[in-house]
Protein chains: 2
Amino acid sequence: MAARDLQERIKKLIIDRRLASGAPLPTEPELMEYLGASRNSVREALKALQAMGIVEIRHGFGTYVGPMSLAPMIEGLAFRTVAGHYRGEDSLLQLLELREAVETGLVSRLAGRIPDADLVELDALVDRMDEEAARGAGLAETDRAFHATLYRGLDNVLLCEVLEAFWDAFHRVRTDLGGEPQDPKVTCRQHREILDAVRSGDAMRAEEAIREHFGNIRARLSTTAPQSPHTRHNERV
Amino acid sequence: MAARDLQERIKKLIIDRRLASGAPLPTEPELMEYLGASRNSVREALKALQAMGIVEIRHGFGTYVGPMSLAPMIEGLAFRTVAGHYRGEDSLLQLLELREAVETGLVSRLAGRIPDADLVELDALVDRMDEEAARGAGLAETDRAFHATLYRGLDNVLLCEVLEAFWDAFHRVRTDLGGEPQDPKVTCRQHREILDAVRSGDAMRAEEAIREHFGNIRARLSTTAPQSPHTRHNERV
DNA sequence: TAGCTCAGTTGGTTAGAGCAGCTGACTCTT
DNA sequence: AAGAGTCAGCTGCTCTAACCAACTGAGCTA
């Protein structure tokens, strides 16, 4: 009864004092007195809040208001997906489809509306992909940056963060599960097509480009991930 | 150092043993021995996992694998939005725009593809809205059900859950902040328009209907929520 | 002055005791 | 014999008290 309450009261404290991200919170002894609870209970509440990204704890330094990022959501999504995968569900495919559904919807609204500055940046990113593909390096980070920059034009920080969270969760799970990386050259060409499409302002073409891009990832996926429950997946691990 | 580790090890335990939602976890004493940590540390780890929805703790009963729902994400999003609002940001508006952006994108893909059974259900829901509006009752739950049923046709459980999570977060924050409810009759008419549009298979019309619906909510919002940072909001609280 | 050391602060971990909610078997009543 | 009440035992919850570990900053030393 008390534990849930403590979390709420600490959250209320943050709200009431209008504390911004990075602002210091009372120390554990201070919270003990303020909340009228033992150190142990206070710590459990803080741990829970930390897990939600509301609070940030630094050993020997203090407790602070967290960055309020969507990192915990990534964590949760990733775990849920991994757990589902190992139980034979096609959870990773669902996660990919989630991204595909949302991004195809957004990219069509975005076509032709991207600021010139972002277009320049996207060009540079695809060039970098080319270069990375040529020397056989991984292009995960650049891929991430491409998608992030692409949707920046939507002018909604929250939306961008959510999309990045989906990307992160997907990427983390895929690497955790040791999925095969896709062909860098194909990926590269598809990103250039997406960029060209949104630059031309052709919404349908942009949507199609995104769909093809995801189709490619999906194809790579189905070689490792089971499409139906309880499919064996020992063929090549 | 140990704490972060404990969480990971408990997660690993769930993965390795292929535990499904609702499956029982070892008791605290058992975990103490298995993890080689004190009761306190084990509990802190469990609390954190509980906050992420990975674990579910029932007093006097036991610890279980959680439902892996997106409830923690709702919690986090809601808090982030409330905190931002009180600090003068237009966080609630951003959350609404997130929903609008995603739903407009999805509804156009959905137009004309909704199973007949779902259409019947949607009809019934709008009828219920009518009835609720007539007798002056709140139609929040019905609104939620409408949106949930609408996107069910996308055939992606994860996606539906995410949309519901956004709805929940938005609704929770709006009621927490005491925002004015919108005009039931207008809301009702707009939902019927959305339904008619997707039934007719006209993607553009469906998109427009959704946009108008959200435009309505947005208008109600701007009477209470500040549109720009550090706007006073004492005029009518 | 530059660098080191050490005391004080903060969070991290452990230990042991007692409290509180739930279950199931036992007993008493009907 | 069947049902309701009781109690012992599990479970997680909270508290106290002590010590460990990371970081800061003042003071000492070279």
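In what order do the elements of chain A run from the N terminus on? They go α-α-α-β-β-α-α-α-α-α-α-α, which comes to ten helices and two strands. Before we walk on, keep in mind that this is a predicted model.

Let's stay with chain A for a moment. Along its principal axes, its C-alpha trace spans about 60 × 50 × 30 Å. Chain A has 237 residues, and 39% of them count as buried. If you take the contacts in chain A with a separation of 6 or more, 67% of them join residues that are 24 or more positions apart in the chain.

Now bring in chain B. A turn of 180°, with a shift of 0.0 Å along the axis, lays chain B on chain A with an RMSD of 0.1 Å. The two copies are therefore related as by a two-fold rotation axis. To find that axis in the picture, look for B:Gly105: of the residues of chain B it comes closest to the rotation axis, with its C-alpha at 1.9 Å. Both copies use the same surface, since 100% of the contact residues of chain B recur in chain A.

How many residues of chain B are in contact with chain A? There are 41, and they meet 41 residues of chain A. On the side of chain B that touches chain A, the elements giving two or more residues are α1 (2–16), α3 (39–51), α4, α5 (91–110) and α8 (157–176) of chain B. Sorted by class, this side has 24 nonpolar, seven polar and ten charged residues.

One pair of helices is a good place to zoom in. Helix α4 of chain A (residues 71–86) packs with helix α4 of chain B (residues 71–86) at an angle of about 175°, and their axes are 10 Å apart. Angles over 145 degrees count as roughly antiparallel, so α4(A) is roughly antiparallel to α4(B). The contact is made by A:Pro72, A:Met73 and A:Gly76 on one helix and by B:Pro72, B:Met73 and B:Gly76 on the other. These residues divide into four nonpolar, two polar and no charged.

Next, turn to the DNA. Around strand C there are 19 residues, and B:Ala2, B:Ala3, B:Asn40, B:Ser41 and B:Gly60 come nearest. Both chains help to build this surface: α2 (28–35) and β2 (62–65) of chain A, and α1 and α3 of chain B, each supply at least two residues. The surface near strand C has seven nonpolar, ten polar and two charged residues.

DNA strand D is surrounded by 20 residues, the closest being A:Ala2, A:Ser38, A:Ser41, A:Gly60 and B:Thr27. Here the elements giving two or more residues are α1 (2–16) and α3 (39–51) of chain A, together with α2 (28–35) and β2 (62–65) of chain B. The largest share, three residues, comes from α3(A). By class, the surface near strand D has seven nonpolar, ten polar and three charged residues.

Finally, here are two backbone details. Most residues other than glycine have a negative phi. A:Met68 is not a glycine, yet its phi is positive, about 55°. You will find A:Met68 in the loop between β2 and α4 of chain A. Is A:Met68 buried or exposed? A:Met68 is buried, because 23 other C-beta atoms lie within 10 Å and 20 or more are enough to count. B:Arg18 also has a positive phi of about 55° without being a glycine, and sits in the loop between α1 and α2 of chain B. With 11 C-beta neighbours inside 10 Å, however, B:Arg18 counts as exposed.

Definitions and conventions
Residues numbered from 1 in each chain as written. Chains lettered and ligands numbered in written order. Predicted model: local features only at pLDDT ≥ 70, side-chain atom pairs only at ≥ 80, totals over all residues. Axes fitted to C-alpha atoms, helices over the stretch in contact; angles between N-to-C directions. Helix = DSSP H or I, 4+ residues; strand = E, 2+ residues; numbered from the N terminus. Parallel < 35°, antiparallel > 145°, perpendicular 65-115°, else oblique. Contact = placed C-beta atoms within 7 Å. Nonpolar A, V, L, I, M, F, W, Y, C, P; charged D, E, K, R; others polar. Near = placed C-beta within 6 Å. Buried ≥ 20, exposed ≤ 12 C-beta atoms within 10 Å, placed from the backbone. Least-squares fit on C-alpha atoms with pLDDT ≥ 70 in both.
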